[in-house]
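Visitor: Could you walk me through this one? I'd like to start with a helix and then ask how far to trust the rest.

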Amino acid sequence: MKAIDKKQHILKTNSSEIRKTLLSLDDVSPYITLNPNSITPVLLVCDHASNRFPKSLGTMGLDYLDRLSHITVDIGSRATTESLARQLNTTAILCQYSRLIVDCNRNISDNSAYLDKSDGVDIPGNQNLNDNEKEIRESEIYWPYHNAIDTQISRLKRQKVSPIIISIHSFTPVFNGNKREWEVGVLWDKDPTTARIFINKLTEAGFLVGDNKPYSGKDPEDFTLDYHAETIGLPHVGIEIRQDLINNDDGVMRISNTLQKVISSLVLTNKSNNIQIKKPLR
Ligand SMILES: [Zn+2]
């Protein structure tokens, strides 16, 4: 990953410049934390949980169907993360704004943090963004979300809990005209051990599993894991679920039931590797 200075999130202020705000009192907070006091050694993160735009940005120039589609949100990822957090009684942090406002799973210096086109669809609200507009999105959404993840990792460490960071995403069955057969993708780079357990157990459960497919954890597009887990040596894995498997309640339940069994077994396995469990998993 590209080096990023954590101090970068303290934005430069220019007294001669009048900064407009992005979020108003009518908007929800940039992120939500579930089970914020849990000491289960698992931290779930969901970067692309929402299709919400700040009220000040209107529709971003997109039509109704595009605002509900995979270019705007990882369909089903929020429900799956919530279900896992409930079943495992574990902390989860979910971003409450669309990836199109600012993609929290990208290095902020990467152009792909602000897509002006996705899967063939133009994003009018992201055309010709100036630095000030980008900085406002960073300061009001991107960094609050990432700082919340840092806060939870610090809290758990203070309680002598070393969490496994699990990033939950979903992918569209067809992208740029290419069909994707995998049902679940396991993304990894620096932690092949955790990934292998997911690959094996999900395969045993009957899923067609992509090993670093449809995306690779070795690419820079998994910023959240690079930034929060790889840098400090926490165990971690990225999970990508095909959206048609979790676009309904039954599907969410089926996938989350399987994933919670894998995660529970992983946590128990890691107990012998000094990952402390203060409270049994439900
Ligand atoms: Zn995603």
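**Helix α2 and beyond**

Guide: In this predicted model, helix α2 covers residues 77-88, and its 12 residues should span 16 Å because each adds 1.5 Å; the end C-alpha atoms are 16 Å apart, which agrees. Helices here are DSSP runs of H or I of at least four residues, strands are E runs of at least two, both numbered from the N terminus, and the expected span is 1.5 Å times one less than the number of residues.

Visitor: How many residues of α2 are buried?

Guide: In α2, 10 of the 12 residues are buried, among them Arg78, Glu82 and Leu88. Buried means 20 or more other C-beta atoms within 10 Å of the residue's own, exposed means 12 or fewer, and partly exposed lies in between, with C-beta atoms placed from the backbone.

Visitor: What comes just after α2?

Guide: Asparagine 89 does, with a positive phi of about 50°.

Visitor: Switching topic, why does phenylalanine 223 count as buried?

Guide: Because phenylalanine 223 has 23 C-beta neighbours inside 10 Å; this residue belongs to helix α5 (residues 223-228), and its C-alpha lies 5.7 Å from that of asparagine 107, although the two are 116 residues apart in sequence.

Visitor: And how is the confidence?

Guide: The average pLDDT, the predictor's confidence in each residue from 0 to 100, is 89 for the chain, and 88% of the residues score at least 70. Over residues 10-16, however, the pLDDT is below 50. Where pLDDT is low, the coordinates should not be read in detail.

Visitor: Any ground rules?

Guide: Numbering starts from 1 along each chain as its sequence is written. Local features need pLDDT of at least 70 and side-chain atom pairs count only at 80 or more, while totals for chains, interfaces and linings use all residues.

Conventions. Contact = placed C-beta atoms within 7 Å.
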